[in-house]
Amino acid sequence: MADQDEGRGLYAISVVADLLGTGQQNIRLYERRGLLTPGRTSGGTRQYSDSDLAVLRRIGELLDEGLNLAGVAKVLELEVDNARLRRQLERARARNSRQPEG
């Protein structure tokens, strides 16, 4: 059940800011820079998911390591690409292991 809720918006921006110990303006800035895209209610209120919280935590880690927001954006992009390539490699390996040797 937790996996189903991972991408569902559960938290308001004020709750997220409190959970992460950051300001709401920082979170809005990260959204403007394209670092995350929270869900929205029909009225336009941001709703953050557990996945969004993970991204925000990662942004905080990278900022603490000295990266600027442009660097953070690049690292996040590369991490997504790397995960995608790993999944493709795993699928290819699984296909190859099922093929009969001949």
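Is Asp81 buried, partly exposed or exposed, and what is its relative accessible area? In this predicted model, Asp81 has a relative accessible area of 28% and is therefore partly exposed. Its partner in a salt bridge is Arg84, with N and O atoms 3.9 Å apart. The value for Arg84 is 35%, so this residue is partly exposed as well. Both residues belong to helix α5, and because they are three residues apart there, about one helical turn separates them.

Helix α5 spans residues 69–98 and also holds Arg91. With a relative accessibility of 46%, Arg91 falls in the partly exposed class. On the surface, Arg91 joins Arg87, Arg95 and Arg98 in a patch of positive charge.

The salt bridge between Asp81 and Arg84 is one of six in the structure. Another part of this set is centred on helix α3, and it is worth a closer look. Which residues are linked in a network of salt bridges? The network is made up of Glu31, Arg40 and Arg46. Glu31 sits in helix α3 and pairs with Arg40, where the closest N and O atoms lie 2.9 Å apart. The two partners differ in their surroundings: Glu31 is buried because its relative accessible area, 17%, is under the 20% cut-off, whereas Arg40, at 43%, is partly exposed. Glu31 also forms a salt bridge with Arg46, with an N to O distance of 2.5 Å. This second pair connects distant parts of the chain, since Arg46 is in strand β2 (residues 46–47) and Glu31 is in helix α3, 15 residues away.

The contacts of Glu31 extend beyond its charged partners. Not counting residues up to four places away in sequence, Glu31 touches Arg40 and Arg46, along with Leu36, Pro38 and Tyr48.

Leu36 offers a second view of this region. Its position is in the loop that runs between α3 (24–32) and β1 (39–40). Is this loop residue buried or exposed? Leu36 has a relative accessible area of 5%, which means that it is buried. Once neighbours within four places in sequence are set aside, the contacts of Leu36 comprise Ile27, Tyr30, Glu31, Tyr48, Asp52, Val55 and Leu56. Tyr48 thus appears in the contact list of Leu36 and in that of Glu31. Ser51 lies 15 residues from Leu36 along the sequence, and their C-alpha atoms are 9.7 Å apart in space.

Arg28 is a further residue of helix α3. At 22% relative accessibility, Arg28 is classed as partly exposed, while Glu31 in that helix is buried at 17%. Which residues does Arg28 contact when neighbours within four places in sequence are left aside? They are Ile13 and Arg46. Arg46 is therefore in contact with Arg28 and is also the salt-bridge partner of Glu31.

How far does Arg28 lie from Arg91, the helix α5 residue of the positive patch? Their C-alpha atoms are separated by 37 Å, with their positions 63 residues apart along the chain. Taken together, these results describe a salt-bridge network formed by Glu31, Arg40 and Arg46, a buried Leu36 in contact with Glu31, and a patch of positive charge formed by Arg87, Arg91, Arg95 and Arg98 on the surface.

Conventions: Residues numbered from 1 in each chain as written. Predicted model: local features only at pLDDT ≥ 70, side-chain atom pairs only at ≥ 80, totals over all residues. Heavy atoms only, no water. Patch = residues over 30% accessible without salt bridge, like charges linked within 9 Å, V, L, I, M, F, W, Y side chains within 5 Å. Areas by Shrake-Rupley, 256 points an atom, 1.4 Å probe, with all protein chains shown as cover. Salt bridge = Lys/Arg side-chain N within 4 Å of Asp/Glu carboxyl O. Lys, Arg positive; Asp, Glu negative; His and termini not counted. Charge placed at Lys NZ, Arg CZ, Asp CG, Glu CD. Helix = DSSP H or I, 4+ residues; strand = E, 2+ residues; numbered from the N terminus. Buried < 20%, exposed > 50% of the residue type's maximum accessible area, 1.4 Å probe, protein only. Contact = heavy atoms within 4.5 Å.
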